[in-house]
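Subject: Handover of a structure and findings

Dear colleague,

Please find below the structure that I am passing on to you. My findings follow it, arranged by topic so that you may read them alongside the model.

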Amino acid sequence: MTNQAEVSQPVSTPTNYEPPKQWLWQQANGGRFANINRPIAGATHDKALPVGEHPLQLYSLGTPNGVKVTIMLEELLALGHQAAEYDAWPVRIGDGEQFSSGFVALNPNSKIPALLDRSADEPVRVFESAAILFYLAERFGEFLPAEPPARTECLSWLFWQMGSAPYLGGGFGHFYAYAPSKMEYPIDRFTMEVKRQMDVLDQSLAERLHIIGDQYTIADMAIWPWYGQLVLGRLYGAAEFLNVQSYKNLMRWALQIGQRPAVQRGRAVNKLSGDPETQVPERHSEADFHGKRLD
C-alpha cells in the first residue's frame, strides 16, 4: 500500500447551521465567485461572440478545463493537421462573459470551454471539455485508440477525470483556497478524496508510461491540467499541504507531460493571469507565441 493516511488531527466543533425549509438566493453570499454564481440559467445580456478566420472557434479561459482543449489543438497542429488551426477567444468568467447571449447559444450551461466547428455547411457546437476532446480525436483520428480494449480504457479514464475533478476543483480547491473563511470539515472531507484520487493515479502509473499505457491519449490531456498541475504546485498553493512529493509515479508523469512543447503552448493560450510574458490571451496563429516564455 502507498501513501497511507497521515495521522488524524482532532476535529473542531463546527458552527451549527439549521437549513431553512426553503432555500432563498442571497446574491451577496460571499466568496471569490459570488458575483457570478447564480441558481438560474440563461443569458444576462446581449452580446455576439467574436469570430476569426479559421473553421475552429474556441471560446475559453486558461483554467484546467480550458487547457485540456488548447493542449489537444496544439498537439494536433504539431502532428501537421493544418485543419486544426483555430482562433481562441478568452471568456472572462469573473466578468460574467459566459452569460452573454452569444456564449449561451453555444453552451446553454454557460461554462468554458466551448467550441464551434464551421468546417461543414452546418456549424457544429461542442461543449463540455471531454466532449470536445472526443470530438476532435474522432475528427482527426488522433490520440484515441481504434482497438476496442485500448479505446475503452481511454474513455474510462476520460470519464474518470470528469467525475473526479469536481471534488478537486469545486470541493477541495473552493474550500481550501476560495471560500470566505476556512472550515475544517469540508477541507478535511475533500482533502481525503483528492488524496485518494492521487493515489489511484499514482498506483496506476507505477506500471504505465501514460494513463492507459505506452500511448499518449486524450486521457492524459484531460487529467494532466488538473492532477498534473496540482502535483507540480500550480493549483491552489496546496502542494505542501497535500504532500504531493509522496506520489512519485504521478510526479514523474506530470513532469514528463509538462515538457511537451504542445502542452506548454496549450497552457499559455487564453491565460489571463500571472507573468504577462507567459500569456497568450488570444490565439489566432503560431505567431502569437513569438516572444513568449513557455514552461
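Helix α5 and helix α8 (residues 248–258) pack at an angle of about 80°, and their axes lie 7 Å apart. That angle makes α5 roughly perpendicular to α8. On the α5 side, the residues that meet α8 are Met 198, Leu 201, Asp 202 and Leu 205. Their counterparts in α8 are Lys 248, Asn 249, Leu 250, Arg 252 and Trp 253. Please bear in mind throughout that this is a predicted model.

Helix α5 (residues 184–205) also packs against helix α6 (residues 218–231), here at an angle of about 105° and with the axes 12 Å apart. Because angles of 65 to 115 degrees count as roughly perpendicular, α5 and α6 are described as roughly perpendicular to each other. The contact is made by Val 194, Gln 197, Met 198 and Leu 201 of α5, together with Ile 223, Tyr 227, Leu 230 and Val 231 of α6. Met 198 and Leu 201 thus appear in the contact with α6 and also in the meeting with α8.

A further residue of helix α5 deserves a note, namely Phe 190. Is Phe 190 buried or exposed? With a relative accessibility of 18%, Phe 190 counts as buried, because the limit for that class is under 20%. Leaving out residues up to four places away in sequence, Phe 190 touches Tyr 167, Gly 171, Phe 172 and Phe 175. Of these partners, Phe 175 is 15 residues from Phe 190 in sequence, and the two C-alpha atoms are 8.5 Å apart in space.

I turn next to the charged pairs. Side chains of opposite charge can pair when their charged atoms come close. How many salt bridges does the structure hold? There are 11 salt bridges, and three pairs are described here with their surroundings.

In one of them, Arg 151 is bridged to Glu 138, with 2.6 Å between the closest N and O atoms. This pair links distant parts of the chain, since Arg 151 belongs to helix α4 (residues 148–178) and Glu 138 to helix α3 (residues 129–140), 13 residues apart. Arg 151 is partly exposed at 24% relative accessibility, and Glu 138 is partly exposed with a relative accessible area of 44%.

Another salt bridge brings together the side chains of Glu 153 and Arg 208, at 2.9 Å from N to O. Glu 153 is in helix α4 and Arg 208 is in the loop between α5 and α6, so this pair ties together parts that are 55 residues apart in sequence. Glu 153 has a relative accessible area of 27% and is partly exposed; Arg 208, at 25%, counts as partly exposed.

A further pair consists of Arg 293 and Glu 277, whose closest N and O atoms are 3.3 Å apart. Both residues are in the segment after α9 (261–268), 16 residues apart. Arg 293 is partly exposed at 37%, and Glu 277 is partly exposed at 45%. In addition, Glu 74, Glu 85, Arg 265 and Arg 283 are joined into one network by salt bridges that share partners.

Some backbone details may also be of interest to you. Ile 112 and Pro 113 are joined by a cis peptide bond, with omega at about 0°. Pro 113 is placed in the loop between α2 and β3 (114–117), and Ser 110 is likewise in the loop between α2 and β3. Ser 110 is not a glycine, yet it has a positive phi of about 55°; its relative accessible area is 7%, and it is buried. Glu 128, also not a glycine, has a positive phi of about 80°. Glu 128 is found in the loop between β4 (124–127) and α3 and is partly exposed at 34% relative accessibility.

Lastly, there are two points on burial and surface. Ser 100, in the loop between β2 (86–90) and α2 (101–106), is buried, with a relative accessible area of 3%. Apart from neighbours within four places in sequence, Ser 100 is in contact with Ala 43, His 45, Lys 47 and Leu 49. On the surface, Trp 23, Trp 25 and Ile 40 form a nonpolar patch with about 360 Å² of accessible area together. Of its members, Ile 40 lies in the segment before β1 (56–60).

With kind regards

Terms used: Residues are numbered from 1 along each chain as its sequence is written. This is a predicted model: local features need pLDDT of at least 70, side-chain atom pairs count only at pLDDT 80 or more; totals for chains, interfaces and linings use all residues. Side-chain values use heavy atoms; hydrogens and water are left out. Patches are made of residues with over 30% relative accessible area and no salt bridge: like charges are joined within 9 Å, nonpolar side chains (Val, Leu, Ile, Met, Phe, Trp, Tyr) within 5 Å. Accessible areas come from the Shrake-Rupley method with a 1.4 Å probe; for residues, only the protein chains shown count as cover. A salt bridge is a side-chain nitrogen of Lys or Arg within 4 Å of a carboxyl oxygen of Asp or Glu. Helices (H or I, at least four residues) and strands (E, at least two) are DSSP runs, numbered from the N terminus. Buried means under 20% relative accessible area, exposed over 50%, partly exposed in between (1.4 Å probe, protein chains only). Contact means heavy atoms within 4.5 Å. Axes are lines fitted to C-alpha atoms, for helices over the stretch in contact, and angles run from 0 to 180 degrees between N-to-C directions. Angles under 35 degrees count as roughly parallel, over 145 as roughly antiparallel, 65 to 115 as roughly perpendicular and the rest as oblique.
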